[in-house]
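Trainee: Please pick one part of this protein and walk me through it up close. Start with any term I'll need before we get to the charged side chains.

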Amino acid sequence: MFLVSAAHGIAANPGMARCNPPVGDHGGGDGRLARTAQREGAGRDQGHRAKVLSYAEKNFQSSLDYAQSLVHAKDLPEVLRLHSEFVQGQMRSLAEQASEMGQAIGKAAIDTTKPKA
């Protein structure tokens with residue numbers, strides 16, 4: 001829950017409003033820098049959420065396919081083979097997903113620190 005609250009900022013945790021100054025107070029002046037960063041961050045956040053949701057759907061479908069294959073297994077050696085294939089596939093998938101998310105988060109961090117022209 002904490003990560004979700006942190007990702008949503010003050011809107012997700014109204015009690016934090018007392019701890020953080022309003023958006024206009026960041027970045028000096030009229031607060032345009034802070035508001036721009038918030039909008040851009042929200043757009044990236046939606047993209048990351050969509051990616052995570054697609055991973056979850058893929059993993060869930062993979063689990064359903066695995067369960068279906070187990071139902072049709074004829075003997076214990078086939079169950080063991082199916083299990084081994086499933087675990088190996090899940091590990092490959094997890095590695096790919098972690099790599100993609102790491103790249104996306106790294107890009108977001110770099111983009112956030114770039115000065116705007």
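Mentor: Sure, term first: we call it a salt bridge when a side-chain nitrogen of Lys or Arg sits within 4 Å of a carboxyl oxygen of Asp or Glu. Keep in mind that what you're looking at is a predicted model. Let's make helix α3 our part, which covers residues 76-113.

A bit of setting before we zoom in. The protein chain has 3 helices and 0 strands, and going from the N terminus the order is α-α-α. Of its 117 residues, 12% are buried. The chain exposes about 8800 Å², and carbon and sulfur atoms supply 65% of that. If you take contacts between residues at least 6 apart in sequence, 50% of them join residues at least 24 apart.

Now the charges. Side chains of opposite charge can pair when their charged atoms come close. Searching the whole structure turns up 4 salt bridges. Take Asp 111 and Lys 107: their side chains meet in a salt bridge, at 2.7 Å from N to O. That fits the definition, because 2.7 Å is within the 4 Å cut-off. Both residues belong to helix α3 and are 4 residues apart, about one turn of the helix. Lys 107 has a relative accessible area of 51%, so this residue counts as exposed; the cut-off for that word is over 50%.

Asp 111 has another partner. The side chain of Lys 114 also meets Asp 111 in a salt bridge, here at 3.8 Å from N to O. Lys 114 comes out at 47% relative accessibility and so counts as partly exposed.

Go back along the helix and you reach Arg 81. Its side chain and that of Glu 78 meet in a salt bridge, with N to O at 3.7 Å. Arg 81 and Glu 78 are both in helix α3, 3 residues apart, which again is about one turn. Arg 81 is partly exposed, because its relative accessible area is 41%. There's a wider link here too: Glu 78, Arg 81 and Glu 85 are joined in a network of salt bridges.

Next, have a look at the ring in this helix. Phe 86 lies in helix α3, and with a relative accessible area of 19% this residue is buried. That call rests on the cut-off, since buried means under 20%. Skipping neighbours within four places in sequence, Phe 86 is in contact with Ser 62, Ser 63 and Tyr 66. Tyr 66 deserves a second look. The search of the whole structure finds 1 aromatic pair. The ring centres of Tyr 66 and Phe 86 are 4.1 Å apart with the planes at 10 degrees, so the pair is stacked. This pair ties together distant parts of the chain, with Tyr 66 in helix α2 and Phe 86 in helix α3, 20 residues apart. Measured by eye you'd see the backbones there as well: C-alpha to C-alpha, Phe 86 and Tyr 66 are 6.6 Å apart in space. Both Tyr 66 and Phe 86 are buried.

Further along, Ser 93 is also in helix α3. Ser 93 counts as buried, because its relative accessibility is 7%. Leaving out residues up to four places away in sequence, Ser 93 touches Lys 58 and Asn 59.

For a contrast, try a serine in the helix before. Ser 54 sits in helix α2, residues 32-71, and counts as partly exposed because its relative accessibility is 35%. A polar atom of the Ser 54 side chain lies 2.7 Å from the backbone oxygen of Lys 51.

Last stop, back in our helix: the nonpolar surface. Val 87, Met 91 and Leu 94 make a nonpolar surface patch of about 280 Å². Val 87 is in helix α3 and is partly exposed, because its relative accessible area is 34%. That clears the bar for joining a patch, since patch residues need over 30% relative accessible area.

To pull it together, helix α3 carries the salt bridge of Asp 111 with Lys 107, the buried Phe 86 that stacks with Tyr 66, and the buried Ser 93.

Note on methods:
Residues are numbered from 1 along each chain as its sequence is written. This is a predicted model: local features need pLDDT of at least 70, side-chain atom pairs count only at pLDDT 80 or more; totals for chains, interfaces and linings use all residues. Side-chain values use heavy atoms; hydrogens and water are left out. Patches are made of residues with over 30% relative accessible area and no salt bridge: like charges are joined within 9 Å, nonpolar side chains (Val, Leu, Ile, Met, Phe, Trp, Tyr) within 5 Å. Accessible areas come from the Shrake-Rupley method with a 1.4 Å probe; for residues, only the protein chains shown count as cover. Helices (H or I, at least four residues) and strands (E, at least two) are DSSP runs, numbered from the N terminus. Buried means under 20% relative accessible area, exposed over 50%, partly exposed in between (1.4 Å probe, protein chains only). Contact means heavy atoms within 4.5 Å. A polar contact is a pair of N or O atoms within 3.5 Å; within protein, one must be able to donate a hydrogen and the other to accept it, and residues adjacent in sequence count only if both atoms are side-chain atoms. Rings of Phe, Tyr and Trp (its six-membered ring) pair if their centres lie within 6.5 Å; planes under 30 degrees apart count as stacked, over 60 as edge-to-face and the rest as tilted.
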